[in-house]
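Subject: Structure for your review

Dear colleague,

Please find the structure we discussed below, together with its sequence. I would be grateful if you would read the notes that follow with the model open beside them.

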Amino acid sequence: MAGLDKMKSQILNEAKAAADEKTAKANAEAEEIISQAKAEAGKRQSSISQKSAAEVANYKERIASSVDLQHRTKILGAKQEMIAAVLDKAYETVTNLNDKEYFDMILKLLDRYALPQEGEIFFSAADLKRMPTGFEQDAQKSAKAKGGSLKVSRQGKNIENGFVLVYGGIEENCTLRAIFDAKRDELSDKVHRMLFS
């Protein structure tokens with residue numbers, strides 16, 4: 001029996017040694033897996049951190065850009081309001097010229113807008129009443145210089161100021177509002193240069 005106990009003891013020792021070896025190997029593999037997992041988690045943490053930092057930087061940049069755009073929009077709005085106020089004031093000044101200055105300006109506009117044709121010029125009833133003597137002859141000279149002729153209509157047109165030229169049934173609106181509106185962009189550019197250059 002002693003031989004059997006010895007054999008049993010040897011088998012148990014070998015089994016224990018094999019089990020210990022397998023346990024050690026399993027522990028080593030587990031440590032390797034844990035180490036790799038930690039390394040992978042570190043990499044992911046770093047990647048997540050970098051991604052978060054990039055997103056924060058991107059967000060800050062978008063906010064700064066949005067604030068800058070709002071700032072520029074408000075400045076542009078303020079400039080446009082100032083330009084509109086200057087143009088409105090200029091229009092008001094022109095419409096309130098004394099009779100001589102007003103009709104001198106009308107003659108300059110005629111030099112620009114009269115055509116080398118036979119036509120008729122219409123004014124508002126108020127302008128017909130305040131028209132200086134000799135203006136019709138001056139208007140006729142201006143039209144003749146262009147190779148045409150103009151008859152001043154005695155019928156008041158429903159306009160605020162300026163005049164309307166009629167050539168062969170076709171009307172050319174030369175009221176001050178129409179001229180200001182047609183030249184608004186050009187005038188706005190000039191005012192912008194004067195105010196903000």
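The notes below cover a pocket, a surface patch, a loop residue and the salt bridges.

Please bear in mind throughout that this is a predicted model.

**The largest pocket**

The largest pocket holds about 170 Å³ of space. Its lining consists of Leu109, Arg112, Ile179, Phe180, Lys183, Glu186, Leu187 and Lys190. By character, these lining residues comprise four nonpolar and four charged ones, with no polar residue. Three helices, α2 (99–113), α5 (176–182) and α6 (184–196), each contribute at least two residues to the lining of the largest pocket. Helix α6 has the largest share of that lining, with three residues.

Two of the lining residues, Glu186 and Lys190, also form a salt bridge, in which the closest N and O atoms are 3.7 Å apart. Both residues belong to helix α6 and are separated by four residues, about one turn of the helix. Glu186 is partly exposed because its relative accessibility is 41%. Lys190 is likewise partly exposed, at 41% relative accessibility.

**The nonpolar surface patch**

Helix α6 appears again on the surface. A nonpolar patch is formed there by Met82, Val86, Met194 and Leu195, whose accessible area together is about 380 Å². The elements giving two or more residues to this patch are α1 (2–95) and α6. Within the patch, Met194 is a residue of helix α6. Why does Met194 count as exposed? The cut-off for that class is a relative accessible area over 50%, and Met194 has a relative accessible area of 66%, so it is exposed.

**Salt bridges between separate elements**

The structure contains ten salt bridges in total. As general background, side chains of opposite charge can pair when their charged atoms come close. Two further pairs deserve a description of their own.

One of them joins the side chains of Glu120 and Lys151, with an N to O distance of 4.0 Å. Because Glu120 lies in strand β1 and Lys151 in strand β2 (residues 149–152), this pair ties together parts that are 31 residues apart in sequence. Glu120 is partly exposed, with a relative accessible area of 24%, whereas Lys151 is exposed, at 54%.

The other pair is Glu136 and Arg154, where the closest N and O atoms are 2.0 Å apart. This salt bridge links distant parts of the chain, since Glu136 is in helix α4 (residues 135–145) and Arg154 is in the loop between β2 and β3 (163–167), 18 residues apart. Glu136 counts as partly exposed at 33% relative accessibility, while Arg154 counts as exposed at 54%.

**A loop residue**

Where is Leu115 placed? Leu115 is found in the loop between α2 and β1 (118–122). Its relative accessible area is 36%, so Leu115 is partly exposed. From Leu115 to Leu128 there are 13 residues in sequence, and the C-alpha to C-alpha distance between the two is 22 Å.

**In brief**

For a first look, I would suggest helix α6: it gives the largest share of the pocket lining, holds both partners of the Glu186 and Lys190 salt bridge, and contains Met194.

With kind regards

Technical notes
Residues numbered from 1 in each chain as written. Predicted model: local features only at pLDDT ≥ 70, side-chain atom pairs only at ≥ 80, totals over all residues. Heavy atoms only, no water. 1 Å grid on protein atoms, 1.4 Å probe; cavity = no way out; pocket = protein on both sides within 12 Å on 5 of 7 lines; lining within 4 Å. Points joined across faces, edges and corners; volume = space filled by probe spheres on them. Nonpolar A, V, L, I, M, F, W, Y, C, P; charged D, E, K, R; others polar. Patch = residues over 30% accessible without salt bridge, like charges linked within 9 Å, V, L, I, M, F, W, Y side chains within 5 Å. Areas by Shrake-Rupley, 256 points an atom, 1.4 Å probe, with all protein chains shown as cover. Buried < 20%, exposed > 50% of the residue type's maximum accessible area, 1.4 Å probe, protein only.
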